[in-house]
Amino acid sequence: MENIHPNLLSVAPMMDRTDLHFRNLIRLISKNIFLYTEMINVNTIIHDQNKRFLIEGDCKGPVALQIGCSDPILAKQAANIFAKENFQEININCGCPSSKVVNGNFGACLMKEPIKVGKMIDAIKEETDIPITVKTRIGLDNFDTDEFLEEFISELHSKNVKTVIIHARIAILKGLSPHENRTIPPLNYERVKYIKNTFKDMNIILNGGIKNLKEAKWHLNTFDGSMIGRAAWDNPWMLSETDNLFYNNKNNMSRSEIIGKYLKYASKYISLGHSQRRLVRPLFNLFYGVQGTKIWKQQLNEVANNKISINSIYDLSSQLEETIEEAA
Ligand SMILES: Cc1cc2nc3c(=O)[nH]c(=O)nc-3n(C[C@H](O)[C@H](O)[C@H](O)COP(=O)(O)O)c2cc1C
């Protein structure tokens, strides 16, 4: 199976953010945008005693599973499980700088071990033909050259990896927190461009610092896709023009219509025992920049604290929608 859906615009994998419920909200905003799970450790997949992993595939459209892994044997065991789930892509995390990940010897430090990454790719391929992609940085610590990144990508190329997502910053493994690693090392889009020019037959997706759809679209002049992380969480409605601008498709639902549909989805998971807090969380920033967003957040906090039912937010969302229409 090859990549059937063009990954022109995607929402980045973000721990504690791009969970199942956030992905399902974004899927209502755009049918076509490519979504990524949070990084899931292969051990969690293999020892999934509470059957938490099995719900991860419950999101329609193009979704990639991002795995954290450094051992080909474990990669193969996990692949045997995730191959049966509903994912369009398996993405190997070779970019995360957190100390937890580095101690497990995966994430960004895998950039120094391309052969090991190649072995994991081979191991996963033994179990599934879902396309495998890699998300990486432009370098790490003192390995901050075009040649170092080129050598890493070259190994992926030799393993027939068609798509690589590159966060255009180096990772600094000692001395910077994950948060600082997303702000302090400077963006270097030129190095990503060098990789695109060197590996013309690969899809190179740019990530890092993209703030809106206009910028994301502009980068398609150079790259094969754009990936947006923090800006999508801070203002999910920003993605509402995705189908129109990137996929020549229409998705005309208003925010309150989307909320109506999301509430139906939420009732299913509440009946399965998920908390209102988890279900309401993706909605907090939906009225970003709109007058009345403060009242919206106050009401959502009451839902999160189980003072009111999640269904009661629908009326407020319609009122806010009317305010926006009147102001327009
Ligand atoms: C809260 C948070 C959690 C993240 N978790 C992951 C993760 O699980 N896997 C990953 O590859 N990158 C992770 N990232 C990095 C993002 O995928 C992305 O590379 C980074 O935020 C840069 O893109 P941006 O400037 O558009 O936010 C995370 C970022 C944030 C803000």
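Guide: A residue counts as buried when its relative accessible area is under 20%. The model here is predicted. Start with S226, which is found in strand β8, residues 225–228.

Visitor: Why is S226 called buried?

Guide: Its relative accessible area is 0%. The cut-off is under 20%. S226 is therefore buried.

Visitor: Which residues does S226 contact, leaving aside its neighbours within four places in sequence?

Guide: L8, L9 and S10 are in contact with S226, and so are I205, L206 and I210. A216, H219 and L220 complete the list.

Visitor: What makes the link between the side chain of S226 and the backbone oxygen of A216 a polar contact?

Guide: The side chain of S226 reaches that oxygen of A216 at 2.8 Å. A polar contact needs a pair of N or O atoms within 3.5 Å, one able to donate a hydrogen and the other to accept it. The distance of 2.8 Å is within that cut-off, so the pair counts.

Visitor: Where is F148, and is it buried or exposed?

Guide: F148 has its place in helix α6, residues 146–158. Its relative accessibility is 15%. Under 20% means buried, so F148 is buried.

Visitor: What does F148 touch, not counting residues up to four places away in sequence?

Guide: F148 touches M111, K112, G139, L140 and F143.

Visitor: How far apart in space are F148 and A79?

Guide: They are 29 Å apart, C-alpha to C-alpha. In sequence they are 69 residues apart.

Visitor: How do you know whether W218 is buried or exposed?

Guide: W218 is found in helix α8, residues 213–218. Its relative accessibility is 58%. Exposed means over 50%, so W218 counts as exposed.

Visitor: How far is W218 from L187 in space?

Guide: The two are 17 Å apart, C-alpha to C-alpha, and 31 residues apart in sequence.

Visitor: Why is D122 called partly exposed?

Guide: D122 lies in helix α5, residues 114–125. Its relative accessible area is 31%. Buried is under 20% and exposed is over 50%, with partly exposed in between. D122 is therefore partly exposed.

Visitor: What separates D122 from P72?

Guide: In sequence, 50 residues. In space, 8.1 Å from C-alpha to C-alpha.

Visitor: What is notable about phi in N306?

Guide: Phi is positive, about 60°, although N306 is not a glycine. N306 sits in the loop between α13 and α14. At 58% relative accessibility it is over the 50% cut-off, so N306 counts as exposed.

Visitor: What about N160?

Guide: N160 lies in the loop between α6 and β6. Its phi is near 65°, a positive value in a residue other than glycine.

Visitor: Now to helix pairs. Why is α1 called roughly antiparallel to α11?

Guide: The axes of α1, residues 20–29, and α11, residues 255–271, cross at roughly 150°. Angles over 145 degrees count as roughly antiparallel, so α1 and α11 qualify. The axes come within 10 Å.

Visitor: Which residues make that contact?

Guide: From α1 come L20, H21, N24, L25, L28 and I29. From α11 come I258, K261, Y262, Y265 and Y269. By class, the contact of α1 with α11 has 8 nonpolar, 2 polar and 1 charged residues.

Visitor: How do you know the direction of α11 against α14?

Guide: α11 and α14, residues 313–327, pack at about 165°, with axes 8 Å apart. The angle is over 145 degrees, so α11 is roughly antiparallel to α14. The crossing is right-handed.

Visitor: Which residues of α11 and α14 make the contact?

Guide: α11 gives R255, S256, I259, G260 and L263. α14 gives I313, Y314, S317, S318, E321 and I324. The contact of α11 with α14 divides into 5 nonpolar, 4 polar and 2 charged residues.

Visitor: At what angle do α3 and α5 cross?

Guide: Roughly 35°, with the axes of α3, residues 72–82, and α5 coming within 8 Å. α3 passes α5 in a right-handed crossing. The contact is made by P72, A75, K76, A79 and F82 of α3, and by K119, M120, A123 and I124 of α5. The classes are 7 nonpolar, no polar and 2 charged residues.

Methods. Residues numbered from 1 in each chain as written. Predicted model: local features only at pLDDT ≥ 70, side-chain atom pairs only at ≥ 80, totals over all residues. Heavy atoms only, no water. Axes fitted to C-alpha atoms, helices over the stretch in contact; angles between N-to-C directions. Helix = DSSP H or I, 4+ residues; strand = E, 2+ residues; numbered from the N terminus. Parallel < 35°, antiparallel > 145°, perpendicular 65-115°, else oblique. Contact = heavy atoms within 4.5 Å. Nonpolar A, V, L, I, M, F, W, Y, C, P; charged D, E, K, R; others polar. Left-handed = near helix turned anticlockwise from the far one by under 90°. Buried < 20%, exposed > 50% of the residue type's maximum accessible area, 1.4 Å probe, protein only.
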